[in-house]
Structures are given as structure tokens and as C-alpha cells.
Amino acid sequence: MTSHDKPIAHLLARFAADHRANPMLVERFGEDIHGRIVDVLGNSLAATTTAVFPVTSTVVRTWGGAPHATAIGLNQRVPTASATFHNGTLAHALDFDDTHLPSVLHPSASVIPAVIATAEAVDASYDALVAAATVGIEITNRLGMAGYDDALGNSVFFERGLHATSICGTLGSAVAVAMLLGGDQDVIGHAIGLAASMGAGLLEANRTGGTVKKIHCGWAAHAGTVAAELAVAGLTGPPTVLEGRFGFLQAHCGDRVDLAALTDDLGTSWTLGDVGFKPYPCNIYTHPVIDAALMLRERGITADQLDWVEAGVAKPTLRTIAEPPEKKANPTTGYEAQFSGPYAFAAAMLGGGGLGVGLQDFTDAAAVEPQRRALAGRVRMVESDTATAAFPRRISCVLRYGTQQGQEGEIAIPVNRGFGARTLTADEHLMKFRSNASTALPAPQVEALEKALQRLPQTSMTDLMSGLRQLAPSHGSPDRKGY
């Protein structure tokens, strides 16, 4: 038990219930949440062109059930929980989703799909949608921070090989859905208690391969939705599910837990401003390496001039983007390439598109391109004391290089693009959305969807997703107009 006179789940549930109809949330965070919806939908549309789309779309159609919500890329509705699984998978599949620091969570990829599908199913107001998304993301981030160990300089979840995004995102999604379903404080509390038994995700695929991580956020959104629906129907959870001896945090993080991170200044201090948008479709630990490569190109240095490259990054990131070295220098698929520091450098030097590195740089064909592999093989990933000290509040890099002509130099990236003073501009956000959406839709339909999203605060998610179902030329009828 904590020093509070009530269990933590009770306090979080009261916080959610109190903010369900709080106009401050729309005034303060409405524009931000709108941007996250746009980002998630753009990422999801792009993912409909990847190999994960037929997997999840086949599964959710096989499941069947009452059609309440849109599965992106299909011209039909499916059950709400099925839509959240499918859409959450698409939102995270390209590793292009927003990121909270220092917990290194991707909160929107589970919470936003859960909110969108539920809001569509119950025809919720935009204000209710914003409130649910804001609170769901806040709780997700705070759970991540409860498992962040400042002395360790890393998340305890990650140290144990656990994917905090999907584990914490399950509870955040459950709270958001329970809010939209009209659950009172007790129901929201039980949704937390149930969701704590459902969150899961392991990170071994980041190291040695496999595509299971693509479904992590989809499963979190799905499990959170099911937990909320069960709570509304009357199933109950343990009141001390978070801090108890056999509770969520003890099970996942042991004794290295900061319980105060869950409740201190709850409702007065918000984490949404610490969630940055990704400019590049790959693991965030590779981003400052990409930034350094792009700066190297600006200096006029070309790939064929480089003799050696040493990329200094934070020590905890090496296990994800540098180990094992042979595999990271020679990815066999585009997905493996997304988690390779050496390949990310090569892609930034030899590729291009989007905001500097684009989706076309992480295809299976690009990953095995001989020139990229040759350059990746000349990149040595090492620990930088500076980057380690800054991590994970900032993802940074110190890149040293030498040319065939004997020139040597250094480039320091103190903070990765998309965060802090380097946050993406409105034009860059729009460029990212258009680039993503255009991989799945022709230009006129991208423009129609963009205009529909601009009207979102004045329209319902039900109407928006109805129009989106008509924009599935690759997966539905090509003569559908939409909007």
C-alpha cells in the first residue's frame, strides 16, 4: 500500500471520471490530440500496404461479430475490439508512431485506435473523444514513468526485456474506452484492474527478428477495449492491482518502482507535451544517427568518400540497434533494418524521401541493397558517455568519421529531431501525413481525407470513419468516392 488512503487504481479512476466532461482538456489539448489522430491515421494507411495488413484483416474478419467500428483499409465494419486490434497494429507496424521520453513509450498507437473505434461505435462527441484520449495517454505515460529508474538511466521494463508500450498501453486504453462507454469511477477502476492482467509484450524480436512486435499496440488496444467492456458488464478487478504484492508493478518491475510518478500532481502536471512525433519510420534510437548522417551530407560528404564511421550512442540503446553487430550490419528484411543503427546511417546517406529518410528506405529490397550493406559494414556502433548521460530524456549521438582523403570530423546531435526545440513544424506534420496516406490512396482521396480531418472537431468520428471506409481502392471497390 502507498501513503495514500486509497489504492492507486482508485485515484486514477477518480481522475478519469473527474475529467470526462472537463472543457479545459479540449481547450488545452484539443489541437494536440487532433494532431495525434492525423498522425495515427496516416501511419495506419501506409501500413495497409505492408505484409501485416492481410494478416490482421483476415483474422478480424474470421472472428466475425457485431459490426460497430471501422477496420482501416477495409470497406466494412467489425466489432469494436476487433477494430482496435487491427488499427492498433497498423498504427505501430511501421515504427513511425509518436514517443514519450524518458519512458520511451509509444502511447498513441494503442490509445488513439481504441478511442477512435469506441467513439465511432457509440457516436461520442469530439469533446468526449479528446478527454478520453488525453487521460488514456496520461495514464499510459505515468505507468511507464513508474517503471523508469533514474539511477539506472533506463526503464526497468526494458531492462527486463518487456515492451512497456504494449503493457502500459493496455491500461491507458482501458481507461479511455471505459470513459467513452460511460463507466463511472467504480467501472473505470475495475477496467484498470482487469486490464492489468492482460497487458503483455516482449522485446526479443528487436534483437533477433520476427514480426510479432508489430501487433503489440494492436493487442494493447484490443485488450484494453475488452477490459473496459467486461468492467461495464460487471466483471471486477482487485483494488490494489497496481501497487499490491502480486500487482502490476511488482510483477513487471519488482522493487524498482516509483509509485509517486503515478499520482504526484495528477491533473495539474501533464505529460502530453513530452510526447514527440517521429520524422523517420524506424526505431527512435536510430534517429540521431540519421540526423548526423543528414548533416554529414549537408557538409558535402558522400558515401563513397567515407573510410570509417563511429556512431556514439547511449549504452542502453546498443542492445537494440547495434547487437548482434553482424546481424545489424546485414539486415535481411526492411523490418530488421528499422532496428539497425548501421543501416539507418547508410539509408540516410544513400536514400532519402519523406523528411529525409522515408518508407522506401525500409523495404526488403532496400535492406539488402549491396551499396547500403557495404556502407553499413563500415559503421561501428559504440557507447558515447555524453549520449548515455543524456539518455533517455534525450536521444543523442556523437558521430566521428574519416574519409578516404584523410579528412576527419565529428558531428554532435544533442537531441533527436521531433523533440524539444526540434519539434516538427505544422508543415512537416502535414508532409508526413500526405506522404504516408499517398502510399495507400490516390492524390484526390488523400486531399479529401485531409479536408475531412480538418473538419473533425465539428463532425463525429462515426461520420469520419464512414467516409474512410469508402476510401479503400486496394481492398474494396475502386469506384467508391468517399466523403
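The exchange below goes through one residue, one strand and the whole chain of this predicted model.

Reader: Why is D98 called buried?

Author: Its relative accessible area is 2%. Buried means under 20%, so D98 meets the definition.

Reader: Where does D98 lie among the helices and strands?

Author: D98 sits in the loop between helix 4 (80-93) and strand 3 (99-100).

Reader: What makes the pair of D98 and R36 a polar contact?

Author: The two side chains come to 2.8 Å of each other. The cut-off for a pair of N or O atoms is within 3.5 Å, so the distance between D98 and R36 satisfies it.

Reader: Which other residues is D98 in contact with, leaving aside neighbours within four places in sequence?

Author: Besides R36, the list holds D39, L105, H106, P107, S108, V275, G276 and F277. Contact here means heavy atoms within 4.5 Å.

Reader: How do you know that residues 280-453 are a domain?

Author: That comes from the record: an unreviewed UniProt entry lists 280-453 as "domain: MmgE/PrpD C-terminal". Such annotations may be inferred rather than shown by experiment. From the model itself, the span is 45% helix and 15% strand, and its end C-alpha atoms are 22 Å apart.

Reader: Why is strand 9 described as mostly covered?

Author: Strand 9 covers residues 397-403, and five of its seven residues are buried. Each of those five is under the 20% limit, because that is what buried means.

Reader: What makes strand 7 and strand 9 a pair?

Author: Pairing requires at least two bridges. Strand 7 (residues 306-313) and strand 9 have six, in the antiparallel sense, so the requirement is met. In one of the bridges, A311 is partnered with L399 of strand 9.

Reader: How many bridges join strand 9 to strand 10?

Author: Six, and these two strands also run antiparallel, with strand 10 at residues 408-413. C397 stands opposite I413 in strand 10. The two strands form a hairpin with four residues between them, where G406 takes a positive phi near 90°.

Reader: How many helices and strands are in the chain, and why is it called as compact as a globular protein of that length?

Author: The chain has 24 helices and 10 strands. Its radius of gyration is 22 Å, and the globule rule gives 23 Å for 483 residues; the two values are close, so the description holds. Of the 483 residues, 61% count as buried. Among contacts with a separation of 6 or more, 77% are between residues 24 or more positions apart.

Note on methods. Residues numbered from 1 in each chain as written. Predicted model: local features only at pLDDT ≥ 70, side-chain atom pairs only at ≥ 80, totals over all residues. Heavy atoms only, no water. Buried < 20%, exposed > 50% of the residue type's maximum accessible area, 1.4 Å probe, protein only. Polar contact = N/O pair within 3.5 Å; in protein donor to acceptor, adjacent residues only side chain to side chain. Rg over C-alpha atoms; globule rule 2.2 N^0.38 Å.
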